[in-house]
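This report describes how one protein chain is folded and which of its residues meet inside it. Please keep the sequence and the model in view while reading.

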Amino acid sequence: MDDAGIIAGSLDDPEAFAALFDRYSAMLYRYVSFRLGPETAEDLVGETFLIAFRRRGSYDLSYRDARPWLFGIATKLITRYRRAEVSRYRALERHDPVRSVDGPEEAITHDLTAEGARPALLHALSLLSRGDRDVLLLVAWSDMTYEEAARALGIPVGTVKSRLNRARRKVRDALGGVNPLKEDIDG
């Protein structure tokens, strides 16, 4: 059953909504954990699903995939923690993380030429505007399409593309010309 069907079914059977939690909680946890740290991720993921459950009656069932909707809720919650997020990036820049979280961000980090590039990457992320950072992390590290990221953030697809291009350029420049995403921003 697709996500829209689960949401529609949960209107009569609220317990059916748990299928969305089972389907997306680990993915959201990895995303939030990287953004705010594992100590905050569990609570924020729980809050994301609580908000989604409360708003399920207003979900547009023409969207069969609820992932962008859930990531949009999570990203808005992350915004509340923006100062802590930037402080965390700066702290991680100075020190190795105590505990790493398995996920796409780890694969990207390992693809960099040296372990020492992680602090530089975290510093580069801390210098991005919130909007640029949100788009970069949703598209590059949460494997969303431009359209899904646009829907998650409530912005036009063209804005996603321009923010992503700008974020990639700034991160590459902050890393001394190395593009950690292995993509040509001009192509």
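Two residues are said to be in contact, or to touch, when heavy atoms of theirs lie within 4.5 Å. The model examined here is predicted.

## Overall organisation

The chain holds ten helices and zero strands. Read from the N terminus, its elements run α-α-α-α-α-α-α-α-α-α. Of the 187 residues in the chain, 47% are buried. Among the contacts with a separation of 6 or more, 65% are between residues 24 or more positions apart.

## Helix α8

Helix α8 covers residues 130-141 and has twelve residues. Its reach from the first C-alpha to the last is 15 Å, close to the 16 Å expected at 1.5 Å a residue. Is this helix enclosed or exposed? Because ten of its twelve residues are buried, α8 is largely enclosed by the rest of the structure. The buried residues of α8 are G131, D132, R133, D134, V135, L136, L137, L138, V139 and W141.

Which residues does L138 touch, apart from those up to four places away in sequence? They are Y31, F71, T75, D143, M144, A149, A152 and L153.

One of these partners, D143, is found in the loop between α8 and α9. D143 has a relative accessibility of 65%, and therefore counts as exposed, since the term applies to values over 50%. The phi of D143 is positive, at about 60°, although D143 is not a glycine. In general, most residues other than glycine have a negative phi.

## The nonpolar core

In soluble globular proteins, nonpolar side chains tend to be buried together. The largest nonpolar core of this model has 48 residues, and those touching the most other members are L20, L28, V32, F49, W69 and L138. Several helices, including α1 (3-12), α2 (18-36), α3 (38-55) and α4 (67-80), each supply at least two residues of this core. The helices α7 (117-127), α8, α9 (146-153) and α10 (157-174) each do so as well.

## Two helix pairs

The axes of α4 and α8 come within 12 Å and cross at roughly 140°. This crossing of α4 and α8 is right-handed. On the α4 side, F71, T75 and T79 take part, and they meet R130, D134 and L138 in α8. By class, the residues of this contact are two nonpolar, two polar and two charged. Both F71 and T75 also appear among the residues that L138 touches.

The second pair is α1 and α2, which pack at an angle of about 145° with their axes 9 Å apart. Here D3, I6 and I7 in α1 meet A19, L20, R23 and Y24 in α2. The contact of α1 with α2 has five nonpolar, no polar and two charged residues. L20 was named above among the core residues that touch the most other members.

## Selected residues and their distant partners

The table lists pairs of residues by their separation in sequence and by the distance between their C-alpha atoms.

| Pair | Apart in sequence | C-alpha to C-alpha |
|---|---|---|
| A8 and G57 | 49 residues | 8.0 Å |
| V45 and I73 | 28 residues | 9.6 Å |
| I78 and R130 | 52 residues | 10.0 Å |
| G176 and A120 | 56 residues | 9.5 Å |

How accessible is A8, which lies in helix α1? Its relative accessibility is 29%, so A8 counts as partly exposed. The term covers values between the limits of under 20% for buried and over 50% for exposed.

V45 lies in helix α3. With a relative accessible area of 5%, V45 is buried. Leaving aside neighbours within four places in sequence, V45 is in contact with F21, S25, L28, Y29 and V32. Two of these partners, L28 and V32, are also named among the core residues touching the most other members.

I78 has its place in helix α4. The relative accessible area of I78 is 1%, and I78 is therefore buried. Its partner in the table, R130, is one of the α8 residues met by α4.

G176 is found in the segment after α10. At 66% relative accessibility, G176 counts as exposed.

Definitions and conventions
Residues are numbered from 1 along each chain as its sequence is written. This is a predicted model: local features need pLDDT of at least 70, side-chain atom pairs count only at pLDDT 80 or more; totals for chains, interfaces and linings use all residues. Side-chain values use heavy atoms; hydrogens and water are left out. Helices (H or I, at least four residues) and strands (E, at least two) are DSSP runs, numbered from the N terminus. The expected span of a helix is 1.5 Å times one less than its number of residues. Buried means under 20% relative accessible area, exposed over 50%, partly exposed in between (1.4 Å probe, protein chains only). A nonpolar core is a set of buried Ala, Val, Leu, Ile, Met, Phe, Trp, Tyr and Cys residues joined through side-chain atoms within 4.5 Å. Axes are lines fitted to C-alpha atoms, for helices over the stretch in contact, and angles run from 0 to 180 degrees between N-to-C directions. A crossing is left-handed if the near helix is turned anticlockwise from the far one by less than a right angle, and right-handed if clockwise. Ala, Val, Leu, Ile, Met, Phe, Trp, Tyr, Cys and Pro count as nonpolar, Asp, Glu, Lys and Arg as charged, and the others, Gly among them, as polar.
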